[in-house]
Amino acid sequence: MFNLDELIYDCANTFFCRLIKPNLSFTSVHELTEEEINILINHFNIKGIILDVDDTLRYNMEEISTGTLKWVDMLASKLKVVVVSNGIDKKVESLLNRRKINYISMALKPFRKNFLKACNMIGLNPKEVAVVGDDLIADIYGGNRNDMFTIWISKKKIIT
Ligand SMILES: [Mg+2]
């Protein structure tokens, strides 16, 4: 059935995809497997990850699933992780605090300030950090302009 929201979403993504290029794209964080992470570490010298929350770790403002939290734990066992969100959520903050993962809320991505603050928190150069997020402007453009490796979670396969 015809769905206007989906059509607008696809058109906007197709348009921005031509302007803003991520280094990699997946339809879900779960496609970023341990094997893929090892490739990032060994071939791209990635030592840290900046993660987005909404539409990356969770959808429709629901709670982050147990499976996704396990994925975050796997990631944190291999890389330094910091979560940078344009939103604010106390429950997400406490889930991350329990894991000793820093959380920057109300980050105003794609502005540079909090990308660089996140790198300082994990003691890495932006070139050693990958940004993982769903928003082509906030996350991918924001990461690209800071010289970071960028991984787009597109939710859907987009043909470019
Ligand atoms: Mg997002």
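A residue counts as buried here if 20 or more other C-beta atoms lie within 10 Å of its own, as exposed if 12 or fewer do, and as partly exposed in between, with C-beta atoms placed from the backbone. Helices (H or I, at least four residues) and strands (E, at least two) are DSSP runs, numbered from the N terminus. Please keep in mind that this is a predicted model: local features need pLDDT of at least 70, side-chain atom pairs count only at pLDDT 80 or more, and totals for chains, interfaces and linings use all residues. Residues are numbered from 1 along each chain as its sequence is written.

**View 1. The whole chain, with six helices and six strands.** Following the sequence, you meet the pattern α-β-α-β-α-β-α-β-α-β-α-β. The C-alpha atoms fit a box of roughly 45 × 30 × 30 Å along the principal axes. For 160 residues, a compact globule would have a radius of gyration near 15 Å, and the chain agrees with 15 Å; this radius is taken over C-alpha atoms, and the globule rule is 2.2 Å times the number of residues to the power 0.38. Buried residues account for 34% of the 160. Two residues are in contact if their C-beta atoms, placed from the backbone, lie within 7 Å. Among contacts between residues at least 6 apart in sequence, 65% join residues at least 24 apart.

**View 2. The open sheet of six strands, in the order β1-β6-β5-β2-β3-β4.** The pairing is parallel, and two strands pair if DSSP finds at least two bridges between them. At the edges stand β1 (24–26) and β4 (102–104), each with a single partner strand, so one side of each has no neighbour in the sheet. On average, neighbouring strands are turned by 20° against each other, direction ignored. Axes for such angles are lines fitted to C-alpha atoms, for helices over the stretch in contact, and angles run from 0 to 180 degrees between N-to-C directions.

**View 3. The edge strand β1 beside β6 (residues 149–153).** Three bridges join these parallel strands. Ser 25 stands opposite Trp 152, while Phe 26 has Ile 153 as its bridge partner. Leu 24 also belongs to β1; it is partly exposed, with 17 other C-beta atoms within 10 Å. The C-alpha atoms of Leu 24 and Phe 149 are 8.5 Å apart, although 125 residues separate the two along the chain.

**View 4. β5 and its two partners, β2 and β6.** On one flank, β2 and β5 run parallel and are joined by four bridges, with Ile 50 opposite Val 131. On the other, β5 and β6 pair in the parallel sense, also over four bridges. Here Val 131 stands opposite Thr 150, and Gly 133 has Trp 152 as its bridge partner. The chain passes from β5 through α6 to β6 in a right-handed β-α-β crossover: with the strands pointing away from the viewer, the path from the first strand over the helix to the second runs clockwise.

**View 5. Buried strands and a buried helix, β5, β6 and α6.** Five of the five residues of β5 are buried, so this strand is largely enclosed by the rest of the structure. Val 129, Val 131 and Gly 133 lie on one side of β5, Ala 130 and Val 132 on the other. In β6, Phe 149, Ile 151 and Ile 153 take one side and Thr 150 and Trp 152 the other, all of them buried. In a regular strand the side chains alternate between the two faces of the sheet. Seven of the nine residues of α6 are buried, so the helix too is largely enclosed; among them are Leu 136, Ile 140 and Tyr 141. Its cover includes α1 (4–19), α5, β5 and β6.

**View 6. The largest nonpolar core, with 37 residues.** Such a core is a set of buried Ala, Val, Leu, Ile, Met, Phe, Trp, Tyr and Cys residues joined through C-beta atoms within 7 Å. Ile 50, Val 82, Val 83, Val 84, Ala 130 and Val 132 touch the most other members. At least two residues come from each of β2, β3, α4 (90–98), β4, α5, β5, α6 (136–144) and β6. In soluble globular proteins, nonpolar side chains tend to be buried together.

**View 7. Helix α5 (residues 113–121) across the strands.** This helix lies across β2 (48–51), β3 (80–84), β4 and β5 (129–133), running at about 150° to β3. Leaving out residues up to four places away in sequence, the contacts of Val 84 include Asn 114, Phe 115 and Ala 118, as well as Ile 50 and Ile 104.
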